[in-house]
Every structure is written in structure tokens, then in C-alpha cells.
Amino acid sequence: MLILALESSAKAASCALLKDGKLFDERFRCDGLTHSETLLPMAEEMMKSNNLTMKDVDLIAVAHGPGSFTGIRIGVATVKGLSWALDKPCVGVSTLEAMAWHGVSAGGYVCCVMDARRSQVYNAIFEIRDGRPVRLTDDRAVSLEELKADVEKLGQEVLLVGDGTKITADFFLKNGVPFRTAPENLVMQSAWGVAMAAEGKEAGKSETLLPVYLRLSQAERERQERLFSK
């Protein structure tokens, strides 16, 4: 099976090809350009360089959240369009679950964190068992204080992965929470993780693929605050 995976939930954008469970190719960009400018052209160039076309793909996967509202919308919209145009199955996977695959070689507990602003992180905790991440918590938006309490209950250090690593590491260090950070090349979200998380999941059609935000966008929060303040 050939899986094309896209990841655009944070500042970096990436695409990957997974062939029969093994990484075939991957591209990564974090150059400040918008995902709408880079994501699809990067995927098309990757396919072309491998003498493949989109018609050769068996499944299209995408990180459907949580993460940047704009980034998630771009990734999901891109995959919905490809799935519909090519009549290919597609699947959305948790950004946090995809990130947990970066901790497989380290083992133990993996604490996936994305900066959610407003003194919160998007988080899920996993344990590596038999070479794959097993979920211990739901995807959630939590304060660093709440996350500290959950990690302390584990009684072991955790591996921090994700673009929220720095703020979480700073907080844990100040509060004596045992942790280590993933190597720099494994900290950021990746399309390879998306592809690995997609394997074995039930695929659907373009109309069933939806973003997962976990909380309202800033614009929607401000709108509600204006409504309720009247």
C-alpha cells in the first residue's frame, strides 16, 4: 500500500510517502511561506521525483488537528480536494498521535505538546508498547499546571515532543518534573508520523473528513465575548 501523508498543523509543512509500512520519501519546509503556497506543490514535486502520480496512491492521510486553525483547514481542504478529484480514500489522524511516533525509538512515556496560547498546550500522553504508541489520554487543551499533575502521576520521566516542547520544558524544569526532550530532528510534527498513525485506521471519503479544533478560534471566542457582554 502506498500512503501519501500531509502535515500542516503548525509552522512547518511536510509531506511523506509510506510504502508497505516503510518510509519511501519525505519533504519538510519551515521557511515562513504559507502552507497554501507550499504544501501541494511540495507533494507534487515529491511524487514527480519518484516517477509517481497521484493516481498511484492508495490512501491519502492528513493531520486533522489539533493545531493552527489556518494550517489545519489548509491541510484538510487539500486532502478533501485530492480525495474527491482522484476518487481515493482518505483519513484524518490526530496531530498528537502522529507526533507520538517520534518517540518509538526512545520508549517509555511520550508527552506530545503543541503551543495552544492562552497559557495552554494541546496535549496527549502515550506509552510505547511493542514498538508503537498506545494512548493514555484523550487529545485535550490543558494548562501546564494540569499537565504537570498528570505527568507526576506516571512516576517516570516523559519524552517531550512537539512545538510546545520549549515552553513545557521551561515550566517542568522550574517545577522539578522529570523529562527529556526529543532530538531536534524529531521535535516538530511530521508527515511520516501522520502516515504511521494512518495505517490500520478506517478510511473514508472526502465528505467524511473533518477538522478537529478542540476549542474555538480566537475570532470566535472574541465574537462570543462581545455577544455575552451586551
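This is a short talk on one sheet, the helices on it, and a pocket.

The model is predicted, so local features need pLDDT of at least 70 and side-chain atom pairs count only at pLDDT 80 or more, while totals for chains, interfaces and linings use all residues. Residues are numbered from 1 along each chain as its sequence is written, and side-chain values use heavy atoms, without hydrogens and water.

Start with the sheet. It is open, with five strands in the order 3-2-1-4-5 and mixed pairing. Helices (H or I, at least four residues) and strands (E, at least two) are DSSP runs, numbered from the N terminus; two strands pair if DSSP finds at least two bridges between them. Strand 3 (22-29) and strand 5 (90-93) are at the edges with a single partner strand each, so one side of each has no neighbour in the sheet.

Strand 1 (residues 2-7) and strand 2 (residues 13-19) run antiparallel, joined by six bridges. In this pair, Leu 2 stands opposite Lys 19.

Now the helices. Helix 2 (residues 69-86) packs on the sheet and touches strand 1, strand 4 (59-63) and strand 5, where contact means heavy atoms within 4.5 Å.

Last, the second largest pocket. A pocket is an open set of points on a 1 Å grid over the protein atoms alone, where a 1.4 Å probe fits, with protein on both sides within 12 Å along at least five of seven lines; lining residues have an atom within 4 Å of a point. Its lining includes Leu 23, Phe 28, His 102 and Trp 192. Strand 3 and helix 6 (184-187) each supply at least two lining residues.

Conventions:
Axes are lines fitted to C-alpha atoms, for helices over the stretch in contact, and angles run from 0 to 180 degrees between N-to-C directions.
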